[in-house]
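Here's a quick walk through one protein chain, with a stop at a pocket and another at a sheet. Have the viewer open as you read.

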Amino acid sequence: MDKFMDSPWFLRLTALALALFLFFSVRAEMESSSLASTGDSVDMIRDVPVEVYYDNENYVVTGVPETVNMTIKGPASLVQSTKLMKDFALKVDLRSMTLGSHTVQIQHENLSDKLEVHLEPATINVNIEEKISKSFRVDPELNDKMLAEDYTLVNMEVEPSTIEVTGAKSAVEAISFVKVSVTGEEEISKSFEQVGRVRVLDRDLNKLNVTIEPEEVTVKVDVEAYHKEVPVVVKQTGEPKKGITVNSLTSDEKTVSVYGPRKAVDAVEQVTASVDLSKISGNGKQTVGLEKPKGISKLSKDKVDITIDVQVDGDAADTEDEPGQADEEAAAVSDQEENSSDLAAGEEPAGAGSAAEQEAASQKKTKKFTNIPIGIQGLDKQFSGTISKPADGAAAVTLTGEEQAIAALEETDISITADASSITTAGEHTAGITIQVPPGIQVEVGFKEVTIRIEQV
């Protein structure tokens with residue numbers, strides 16, 4: 001045995017065995033390592049941005065998602081490095097496509113050919129449209145519940161009043177409302193200014209994907225205590241002096257505004273100006289105070305001027321003339337009598353028509369109608385419109401004319417219309433009014449414009 005172990009062949013066989021053992025051990029380890037490194041792995045990369053290439057100066061593209069989810073499959077090391085580095089890109093190239101709808105695939109760049117790529121979604125429907133710009137008026141809106149009790153909104157102005165909207169032609173043409181809302185705390189009792197963001201909506205109040213310039217505007221809100229306009233009615237008190245006949249008493253102010261709690265203001269139909277007939281001695285003007293109705297806090301005017309038209313006979317003149325005036329008038333009468341002898345038969349003296357003129361003036365009467373509906377004319381057939389201010393869509397008018405003509409007047413003789421021929425967009429618009437009455441009748445109304453809410457049919 002010792003001899004065999006000392007033999008050179010023993011050493012050679014031992015060395016061969018060790019070499020074979022080491023060879024197979026290393027090979028097995030390398031094969032195991034190779035299998036581990038070349039095994040397939042699957043992973044998902046979420047919210048990968050999608051780039052779109054098109055002529056954005058003249059066209060607008062819709063239908064391309066901002067991000068998609070991407071699943072990659074391949075060697076684990078490659079999958080892991082791709083997810084960490086993110087040096088790839090997803091794109092949609094539409095530069096060679098025409099206007100209209102298209103179905104396209106999302107393409108990827110800088111991804112290894114050893115990776116299998118799956119996108120969600122892989123195919124998308126896009127729409128290429130012409131880009132247009134159009135100006136729109138901004139309509140402010142304020143919830144009336146934000147106003148303090150017994151306060152009312154007088155006016156709202158927007159600066160700038162118009163904005164420029166740019167987007168796809170279909171989106172711009174779908175615009176029905178361009179609004180800015182006034183927000184803030186409730187119990188508003190004074191005027192203020194506020195900056196607000198403009199909203200562009202379609203007829204179903206959906207927000208549209210368009211570009212707005214500017215995006216914010218300033219709203220000026222004018223608030224006053226609750227009030228309304230009512231007519232001034234002249235009330236006669238006392239008895240006129242002897243020889244004085246009152247033809248008419250007319251207030252220079254036809255209407256005044258009454259302020260106060262809503263319930264008290266709504267109950268007021270008119271304001272009275274009382275004129276004491278016993279203090280009237282001739283034609284002219286007289287300033288009288290207005291009687292404040294119960295519950296009203298203030299009036300827009302406390303006093304008004306009353307135009308007095310009376311007829312004074314001789315007896316009254318004698319009692320009212322100053323010293324020496326009677327002699328002068330007697331001389332004038334004597335001169336008239338002398339001159340009358342020179343007049344041709346049937347010829348009337350100068351000034352003889354003044355009595356007739358006074359009689360005609362005394363026959364002027366006033367009549368008021370409080371609920372004349374306001375119509376809309378000239379509106380394009382693609383729109384429908386309703387009067388939003390005044391809220392009841394009606395007006396109160398005061399008519400003045402000959403007694404007989406005024407007495408025969410009825411509501412059907414009065415026509416009030418708002419001209420909407422210049423309105424080309426939906427939303428709220430102001431329009432002037434036209435009033436038609438029979439010839440010879442004078443008409444007065446408390447406002448010259450109305451607000452019309454326009455909707456697309």
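## The second largest pocket

The second largest pocket holds about 700 Å³ of space. Its lining takes in 24 residues, and those closest to the centre are Leu-249, Thr-250, Lys-254, Lys-365 and Thr-366. Keep in mind that this is a predicted model.

Which elements give two or more residues to that lining? Mostly you'll be looking at strands: E16 (227–237), E17 (244–251), E22 (303–312), E23 (364–377), E25 (394–402) and E28 (442–445) are on the list, along with helix H8 (354–362). Sorted by class, the lining of the second largest pocket comes out as ten polar, seven nonpolar and seven charged residues.

## A five-stranded sheet

Now for the sheet. Five strands make an open sheet with mixed pairing, and they run in the order E9-E12-E13-E15-E10. Strand E9 (139–141) and strand E10 (151–159) sit at the edges, each pairing on one side only. From one strand to the next, the twist averages 40°.

Zoom in on the E9 end and you'll find E9 paired with strand E12 (residues 177–181) in the parallel sense, over three bridges. Pro-140 is the residue standing opposite Val-180 in E12.

## The chain as a whole

Stepping back, how many helices and strands does the protein chain have? The count is nine helices and 29 strands. Of its 457 residues, 30% count as buried.

Contacts reach a long way along the sequence, too: among those between residues at least 6 apart in the protein chain, 71% join residues at least 24 apart.

Terms used: Residues are numbered from 1 along each chain as its sequence is written. This is a predicted model: local features need pLDDT of at least 70, side-chain atom pairs count only at pLDDT 80 or more; totals for chains, interfaces and linings use all residues. Side-chain values use heavy atoms; hydrogens and water are left out. Two strands pair if DSSP finds at least two bridges between them. Helices (H or I, at least four residues) and strands (E, at least two) are DSSP runs, numbered from the N terminus. Axes are lines fitted to C-alpha atoms, for helices over the stretch in contact, and angles run from 0 to 180 degrees between N-to-C directions. On a 1 Å grid over the protein atoms alone, a cavity is a set of points where a 1.4 Å probe fits but cannot get out, and a pocket is an open set with protein on both sides within 12 Å along at least five of seven lines; lining residues have an atom within 4 Å of a point. Grid points are joined across faces, edges and corners, and a volume is the space filled by probe spheres set on the points. Ala, Val, Leu, Ile, Met, Phe, Trp, Tyr, Cys and Pro count as nonpolar, Asp, Glu, Lys and Arg as charged, and the others, Gly among them, as polar. Buried means under 20% relative accessible area, exposed over 50%, partly exposed in between (1.4 Å probe, protein chains only). Contact means heavy atoms within 4.5 Å.
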